[in-house]
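Here are a few exercises to work through with the model open in your viewer. Try each task before you read its solution.

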Amino acid sequence: MPVKALYNYKFPPRDRAEVFGDDILVYAYWIDNPFFCSASAWRVPKNMKWKDFVAQIFGQLYGLDPDFKKVKSWKWYHFDQEFNPSDEKTLAELGLRHKSIVKFKPA
Amino acid sequence: MAKKKLTLAQKYHIYTRGLDWEPTYVSKKDIYPYAEYEGIKIKDWNKWEDPFRMTVEAYWKYQAEKDRRFYAILDGFIQNQGHLTLSDARYLNSIKLFIQGVTPLEYMAHRGFAFVARHLPGPGPRTAAFFQSMDELRHTQIEVHAGSNFNKYYDGFHSMTLMHDRVWYLSVPKSYFDDAVTAGPFEYVTAISFSFEYALTNLLFVPFMSGAAYNGDTPTMTFGFSAQSDESRHMTLGLQVVKFLLEQHEDNVPIIQRWIDKWWWRGYRLTSLVGAMMDYMLPKRVMSWKESFELYIEDQILEGLFRDLERYGIRPPLHMEQSIKEKEFLSHDVYWILFSFTFAAAFHSWIPKEEEMEWLAEKYPRTFNQYYRWRYEKAKQAKTPLPGDRFYYIGLPQLCQVCQIPMGFTDPDDPNNFVQRYVEYEGEIYHFCSDGCKWIFEQEPEKYVQAWLPVHEIYKGNCFAEPPKGPDDVVPQVLKWYNIQTDNFDYFVSEDYKNWKEWHKDMATVVV
Amino acid sequence: MVAVETKRERFVSVDLQKTEEGYNVLRAILKDNPDAKVDEFPGYYKVKHSNKLTIKRETVESFMGRPWDTQEFNLVIISYSGNFAEWDDEKIVIQWDTHM
Ligand SMILES: [Fe+2]
Ligand SMILES: [Fe+2]
């Protein structure tokens, strides 16, 4: 349903992909662990390797959970699709796009 | 022959409708350019009645008296060093949220009602909106005056307007009101007078203000009740306008229903901040969020108001059932968010004391011990390099595109997870905290694609005082841009706490 | 899923400031509406009735010991639930299901 207005109401989305250039926003969410009060948001290069992305989010944030070190391996999802990212691939190669969400839980 | 005294009804008619006139050399359409585009049809503006029958003369008289009473109490509080007799300085963190988040909305309401008072074609509602516009300016003033006394002694009161425009959690109230004032006059009145003031402000201005009284803050209680007494008139305006529109034309019914659906959820999400204030920030508590919700929303609004509106073909708001399902989670979710990000906020938070956790467990027997208590136990172990012996979320959260709150609302059907929804619109993805916010987006995507989301703005480099010198300088530059000085971090490492102990060192009442 | 417990009640109500004037208005309401119930909270009273509350000028005046204009009700009311079905020089009536 369009916005009712006295003129043609159409504006470009404020956070559209092109605004971020070679970077994208990616959200991350630890399934079944509400200790982190919401998914997190990251601005990262599209060409960032998966392993570097994981090192960043775990190193800065998720490692703060005392239970983090107990986890040996993780199961990943892109949106709600299971996926098996390989460490050396880039986010773009893995199919991540601007405002993708990746979810994870102990495997 | 002595002149007969006019009755209230006669006076009201003379001073409202009696002062209106039919234009002769300008068309009505040119005078009221916003009257038709929303699709609302009005046959007869004279059918509108103000039950308060308020005239300008009576308005000045009673408002002046309300102000006199308020300022007498404020002066007494200041002269008696009343701030020292508060239950505990932790209490003031709820008032910081109020001053930063609500007071600027009072000012926006003043502007919004000035617009309505100018643009509604009927003299009755125009007069009522004019009074309300002045009321809202008065509310802004008395709240600023009450807050300025606390500003002499405590953090978090020094920069409310700048913070309201910039700080991440204040984009929640700011974007809410911006959404309302950018609508047409009829939607604005339905949003603010009806959905917000009739249904939701009671939660803020009645049980919360009662809590202020209970914690020794008489100025806040007085401005709260003084403002809410005007609010009674505003509620009446909201109710009368909505009933009037429903009676004027059947085509208005689906439009009003859609606005009620939208603005219930918008207002309810905003009011969730009050839930956190009531359940966690008041050292002495009157009523839980859940109890207030049951009394003021389930009884008064669902059982009262909406049964009254049935005959017009209006049903309760679309996502009301979800609000009811959330009532045992909401305040806990929101305080946990505020707690997690206190390193970047202009208020302090803290781990609830053991007796406070017991109160929470008693009021929320199905949820607090099960889903929330352990987080605070863990927060004591999960330390960060920041001040305060506890956990902070060292990162930025994903925000809801509509309500702009971090996406941390528990799914009552899966209580270890948060609700997450998204849609793709014209090639871009948008995320939402709830079906309610997603539905609102889908009704008017062009509006919400423009949202100024604080997290994304930080990532675009729009929120720094100066360009950060390195990764460790990012948060400090954002805080500087927010004008947050010593206002953040845990209460127990704050200036507020240090001063409070110092001021009470000879008294047995200090809370440690 | 956590079961939702819901208790619902239909009433009209008015929330009054706990002040000297508020107390006199409260006493007048209780006198004229014998089935009304009061809940007390810090700073305010909540007066409820299952379908209707009437506030009469004369009764309020008898408790105040002075003339009282029904518009002075603006100074003691905090909030209400219901409709103002009538508001004239003699009385104020709050109830549901009144229509213009
Ligand atoms: Fe207000
Ligand atoms: Fe939302």
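Helices (H or I, at least four residues) and strands (E, at least two) are taken as DSSP runs, numbered from the N terminus. Keep in mind that this is a predicted model.

**Exercise 1.** Work out how far apart the end C-alpha atoms of residues 410–452 of chain B lie, and how much of the span is helix and strand.

Solution. Start with the record: an unreviewed UniProt entry annotates residues 410–452 of chain B as "domain: YHS". Next, take the two ends, whose C-alpha atoms are 24 Å apart. Finally, assign the secondary structure: the span comes out as 30% helix and 40% strand.

**Exercise 2.** Find the residues that coordinate the iron ion (ligand 1) and place them in the sequence.

Solution. Look around the ion first: Glu106(B) (OE), Glu136(B) (OE) and His139(B) (ND1) coordinate the iron, at 2.1 to 2.2 Å. Then read the spacing of these donors, which is E-x29-E-x2-H. Now locate the last two: Glu136(B) and His139(B) share helix α5 (residues 123–151) of chain B, three residues apart, or about one turn of the helix. Last, check accessibility with the cut-off of under 20% for buried. Glu136(B) counts as buried because its relative accessibility is 2%, and His139(B) is buried too, at 0%.

**Exercise 3.** Decide whether Glu457(B) is buried or exposed, and list what it touches.

Solution. Glu457(B) sits in helix α19 (residues 454–459) of chain B. Its relative accessible area is 0%, so Glu457(B) is buried. Setting aside neighbours within four places in sequence, its contacts are Arg14(A), Asp15(A), Trp452(B), Asn462(B) and Cys463(B). Zoom out to the chains: of the two pairs that touch, A and B have the most contacts. Chains A and C don't touch, and their nearest C-alpha atoms are 15 Å apart.

**Exercise 4.** Compare the salt bridges Arg68(B)–Glu65(B) and Glu328(B)–Arg366(B).

Solution. Begin with the distances between the closest N and O atoms: 3.0 Å for Arg68(B) and Glu65(B), and 2.8 Å for Glu328(B) and Arg366(B). The latter pair links distant parts of the chain, 38 residues apart, with both partners in loops. By contrast, Arg68(B) and Glu65(B) both lie in helix α3 (residues 56–79) of chain B, three residues apart. Then add accessibility: Arg68(B) is exposed at 53%, while Glu328(B) is buried at 3%. To finish, follow shared partners: Glu65(B), Arg68(B), Arg69(B), Glu21(C), Arg66(C) and Glu72(C) join into one salt-bridge network.

Definitions and conventions
Residues are numbered from 1 along each chain as its sequence is written. Chains are lettered from A and ligands numbered from 1 in the order in which they are written. This is a predicted model: local features need pLDDT of at least 70, side-chain atom pairs count only at pLDDT 80 or more; totals for chains, interfaces and linings use all residues. Side-chain values use heavy atoms; hydrogens and water are left out. Buried means under 20% relative accessible area, exposed over 50%, partly exposed in between (1.4 Å probe, protein chains only). Contact means heavy atoms within 4.5 Å. Donors are N, O and S atoms within 2.8 Å of the metal (3.2 Å for Na, K and Ca); water is not among the atoms, so sites may look incomplete. UniProt positions are given in the numbering used here, feature names are shortened, and annotations may be inferred rather than shown by experiment. A salt bridge is a side-chain nitrogen of Lys or Arg within 4 Å of a carboxyl oxygen of Asp or Glu.
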